[in-house]
Amino acid sequence: MADLARIVEELSALTVIEAAELSKLLEEKWGVSAAAPVAVAAAAGPAAAAAPVEEQTEFTVILQEAGDKKINVIKEVRAVTGLGLKEAKDLVEAAPKEVKAGVSKDEAAKIKAQIESAGAKVVVK
């Protein structure tokens, strides 16, 4: 057992490049592939993903680009965020930029429609 502990210590000291080289040498020597255990783990992945997923409750509205009618977009961003004229203008010109975070699905859809109607491209995440 002392030899096994020594081997573990030596393997722990290997760099990533050395470990990859060791893996290749072992594959050549014994004709095995290190990818086999990974394939088994990957096969188990979809089964784990089938577990019930919690539905997202908070959304972020992101302005992708202002479009041709930047002034109208600035007005809508001001209405949604309550920012001043300069701050809203800076936000619109810095697109892609977060407009509002932590909002409900309905509110995010409403904000998206409102800003898109002014001519901008908006994404909800």
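**A walk along helix α5**

Start by selecting Glu-93, which is partly exposed, with a relative accessible area of 41% (buried means under 20%, exposed over 50%, and partly exposed in between, for a 1.4 Å probe and protein chains only). The model is predicted, so local features need pLDDT of at least 70 and side-chain atom pairs count only at pLDDT 80 or more, while totals for chains, interfaces and linings use all residues. Residues are numbered from 1 along each chain as its sequence is written, and side-chain values use heavy atoms, with hydrogens and water left out.

Next, add Lys-89, which forms a salt bridge with Glu-93, the closest N and O atoms being 3.1 Å apart (a side-chain nitrogen of Lys or Arg within 4 Å of a carboxyl oxygen of Asp or Glu). Both residues lie in helix α5, four residues apart, about one turn of the helix (helices are DSSP runs of H or I, at least four residues, numbered from the N terminus). Now select Lys-70, which is linked with Lys-89 and Glu-93 in a network of salt bridges.

Staying in α5, show Asp-90 and Lys-86, whose side chains meet in a salt bridge with 3.0 Å from N to O. Asp-90 is partly exposed at 35% relative accessibility, whereas Lys-86, at 56%, counts as exposed.

Finally, display helix α4 (residues 70–81) beside α5 (residues 85–93). Among the residues of α4 that meet α5 are Lys-70, Val-73 and Ile-74, where contact means heavy atoms within 4.5 Å.

Definitions and conventions. Axes are lines fitted to C-alpha atoms, for helices over the stretch in contact, and angles run from 0 to 180 degrees between N-to-C directions. Helices (H or I, at least four residues) and strands (E, at least two) are DSSP runs, numbered from the N terminus.
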